[in-house]
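Reader: Could you walk me through this structure?

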Amino acid sequence: MGNCPFSSRRGFLGATGGLLAASALTGRAAAQVAELAEGNPAASAVAGSISSDGKVPFHGVHQAGIDTPQQTHVLFASFDLVTDKVSDIVRLLRDWTEAATRMTAGQTAETLTADPSIPPADSGEALGLGPRRLTLTFGFGPGLFEKDGKDRYGLKARRPAALVDLPRFNGDQLDPGHTGGDLCVQACADDSTVAFHAIRQLARMAAPNDAANGYGGKKAGAANPYDAKPGVAVLRWIQAGFLPDSPPGETPRNLLGFKDGTQNPGSPYPAERAQGKLIGNGSFADAVWVGGEGPDWMRNGSYLVVRRIRIALQHWDNVELDFQEQVIGRKKLSGAPLTGGGEFAPLDLDATDKDGNLVIDDNAHVRLGAASSNGGARILRRSYSYNDGLAMIAERWPPWRQGLEDEAGLLFIAYQRDPRTGFIKIFEKMSKLDLLNQFTTHIGSGIFACPCGIGKDEFVGQKLFQAI
Amino acid sequence: MKIRYTLISFASAVSLSFAFLPYGARAQNTPGFLSSIHHHTTLTSTVPDNGDQNPYAIAVAPISAGKVRQGDVLVDNFNDKNNLQGLGTTIIDYDPSAKTTKLFAAIPRHLAQCPGGVGLTTAMTMLKSGWVIVGSLPSNDGTTATKGQGCLIVLDSQGQVAGTITGPNLNGPWGNMAVADNGDTATLFVSNTGFGVGPATDDSPVVNKASVVRLTLSIPEGKPPAVTNQTVVADGFGEQADKGVFIIGPTGLALGRDGVLYISDAVGNRIAAIPDALTRTTSAGTGKDVTKNGLLQRPLALVMAPDGHLLTTNGLNGEVVEIDPATGKQLYAQWIDVDKAQTPPGSGDLFGIAMTSSGDGFYYVEDDVNTLVLAH
């Protein structure tokens with residue numbers, strides 16, 4: 001579906017806006033899309049390229065996992081910093097960089113030893129699986145710079161202006177257990193075990209070493225495995241997500257059953273016609289990568305907004321097809337705009353029916369997500385579906401059904417050059433007016449600054465910490 | 001603007017009585033009020049900065065005072081930001097001429113004089129003296145299991161709490177008020193849906209204890225209204241706890257020029273008439289049937305159009321129904337909310353309704369998308 005802040009796997013191919021519309025491509029689709037995206041930075045960026053053995057290089061101008069064709073699984077992890085020393089954070093980031101370099105190459109997080117007297121250096125569940133296009137994308141939350149009014153690490157003055165606290169949006173029902181965080185890691189891979197394994201190792205390296213208490217922890221690189229340490233960061237929340245392994249060239253569908261991600265920055269196709277003008281999807285340079293306006297450590301980086309969006313699937317499934325299509329603004333089966341053409345035809349936001357009514361409704365999801373409806377705002381949507389089983393849910397719309405329902409929906413992930421002119425600008429209006437709001441509830445949230453790519457001898461975010 | 005189509009369905013008979021037409025010229029040219037309504041314009045989101053949801057009451061300012069300009073539309077919210085019913089505390093003010101929306105009042109969640117807390121209901125009015133009176137039927141968890149007795153809250157024209165009205169005749173003041181306002185005195189009719197209602201279950205019993213009380217107010221210059229008399233003018237209406245919509249009970253009140261009070265009896269699916277409502281000293285029970293069933297599908301808020309016809313919003317579909325109270329005939333139903341996210345379309349979306357100052361249209365709220373809409 002286009003234009004949603006839920007996004008599509010077309011990733012750099014670009015989707016047509018909206019929260020529900022997602023990003024990059026499966027491995028099989030990747031090559032085809034790479035051809036289509038000729039001339040797009042994503043096709044040539046080192047971090048976004050894919051080697052024949054399934055490795056996505058960890059080092060590059062940009063962090064991998066942003067313009068990388070979207071893998072089929074994600075494990076998104078948010079951490080709270082528990083140390084009071086910035087040197088601990090630097091050490092952790094060095095450790096994480098080293099481990100990420102190894103794991104994205106299909107290796108264990110650390111070198112395995114044969115010493116039977118210590119816990120294994122790697123939990124081992126991904127042994128033999130290979131890299132499976134694993135990417136690990138790191139981000140810094142507002143809490144790294146300032147927390148509860150305290151400048152814990154001397155970084156407050158270096159907080160980028162664009163790393164704002166997200167405002168409260170209409171309808172937000174955010175669960176603190178799925179919101180916020182001082183650090184984040186987005187692990188994406190074409191195998192769920194590989195993604196899970198990566199986060200498991202990184203979390204272990206950051207966590208308190210409570211081996212001295214008999215709980216069997218180990219701090220990375222610690223000479224004495226029984227030397228208890230207070231730890232640097234602890235997991236705050238985790239969310240797993242998945243995409244269908246759609247056939248090559250097919251835009252994957254989200255849990256609404258609509259194609260999600262037909263348009264995104266970098267798409268070679270036009271996005272929409274509005275007020276008589278045909279406009280495109282914008283480029284990564286315009287919409288995704290931070291430029292000279294940002295601090296040096298953020299240039300070629302990007303800002304990540306994550307939202308855990310529950311979808312009332314039982315409600316949605318009993319809604320007439322034509323209304324589903326009016327809500328989204330696209331045809332369900334083909335993905336084409338209601339204004340005609342194929343899936344990749346531009347939305348015609350001017351089109352009216354014989355009675356003069358807009359064909360794509362005022363409150364349709366794709367219209368509210370369109371750049372022309374938001375002063376040109378564009379974001380890269382790189383979202384995943386999630387399914388966490390059943391939960392007692394009280395729907396927030398008439399007729400206010402209550403009962404055991406799917407705890408499932410969309411792990412919305414968006415990258416942008418500046419969230420103030422990206423997600424916040426788009427969603428401020430969308431949260432109030434989108435017809436889709438009757439089926440969706442935002443129950444988790446986070447914002448993170450994902451620094452620039454990592455050089456061969458650098459660690460994640462090194463430029464941020466150099467001056468202190 | 002949401003997806004909308006307009007459907008006017010003719011009721012059983014469209015023969016009109018012109019015996020009760022205060023604005024005869026207009027009505028003589030048009031067979032009823034709804035047939036003159038062709039446009040629906042979304043005016044504003046009703047969600048204030050604190051995130052309150054579920055707009056209920058609508059009151060049109062009769063005068064300019066304090067923060068309010070004559071013709072402004074006040075809308076209160078029954079739910080809080082987590083969409084829990086009975087926890088909303090805010091009133092917004094929409095200025096139709098400037099097309100701007102601002103917060104009028106953010107009432108503290110707990111007032112010492114208001115048993116159970118604050119959750120603003122469809123009972124709201126602004127008097128010619130500038131005072132705003134709003135009802136509260138509070139809950140602590142969004143259900144009737146923690147329902148409090150509630151109260152009426154008196155606000156000054158700056159939106160500040162100036163007092164409360166409580167008493168044994170008030171328990172869950174719920175429906176839109178009918179008002180006879182003389183400036184320094186006023187008479188309010190308030191429906192109560194809290195008496196004897198317990199937690200909601202899948203099979204909550206109907207309790208026939210809902211009442212309508214008449215409050216006579218004295219309003220000295222510069223001082224808040226004081227209640228000088230309370231009389232229960234109707235009682236015995238059905239009321240029912242509900243897991244989805246919190247409570248079902250008499251929700252609409254409208255005062256005819258002949259002193260007849262009309263009440264929408266949601267559980268009974270009827271409109272009732274209470275004669276001599278301004279003067280009677282005893283309860284008329286559940287009154288006389290004006291009309292029942294037919295196009296009515298759980299009638300909620302009630303308002304009188306300039307031609308003397310009653311308009312009521314349906315709770316179980318997106319229709320507003322026009323009734324000629326003189327004959328009891330249901331004239332039209334216009335499907336003003338066709339949101340197919342509900343079945344039937346618009347079910348549960350409508351609630352409050354109020355005439356525009358000029359009487360050429362009406363305001364209504366859409367609870368599904370938290371908006372104020374003008375029908376004109």
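Reader: In what order do the four strands of the open sheet in chain B come?

Author: This is a predicted model, where local features need pLDDT of at least 70, side-chain atom pairs count only at pLDDT 80 or more, and totals for chains, interfaces and linings use all residues. Residues are numbered from 1 along each chain as its sequence is written, and chains are lettered from A in the order in which they are written. Strands here are DSSP runs (E, at least two residues), numbered from the N terminus, and two of them pair if DSSP finds at least two bridges between them. The pairing in this open sheet of chain B is antiparallel, and the order is β3-β4-β5-β6.

Reader: Which are the edge strands there?

Author: Look for strands that pair on one side only. In chain B those are β3 (53–60) and β6 (100–106).

Reader: Which residue in β6(B) stands opposite T90(B)?

Author: Strand β5 (residues 90–95) of chain B pairs with β6(B) in the antiparallel sense, over six bridges. Opposite T90(B) in β6(B) stands A106(B).

Reader: And what is the bridge partner of R214(B) in β14(B)?

Author: β13(B) runs antiparallel to strand β14 (residues 226–242) of chain B, with ten bridges between them. For R214(B), the partner in β14(B) is T231(B).

Reader: How many residues of chain B are in contact with chain A?

Author: Contact means that the C-beta atoms, placed from the backbone, lie within 7 Å. On chain A, 21 residues take part. Their partners in chain B number 19.

Technical notes
Two residues are in contact if their C-beta atoms, placed from the backbone, lie within 7 Å.
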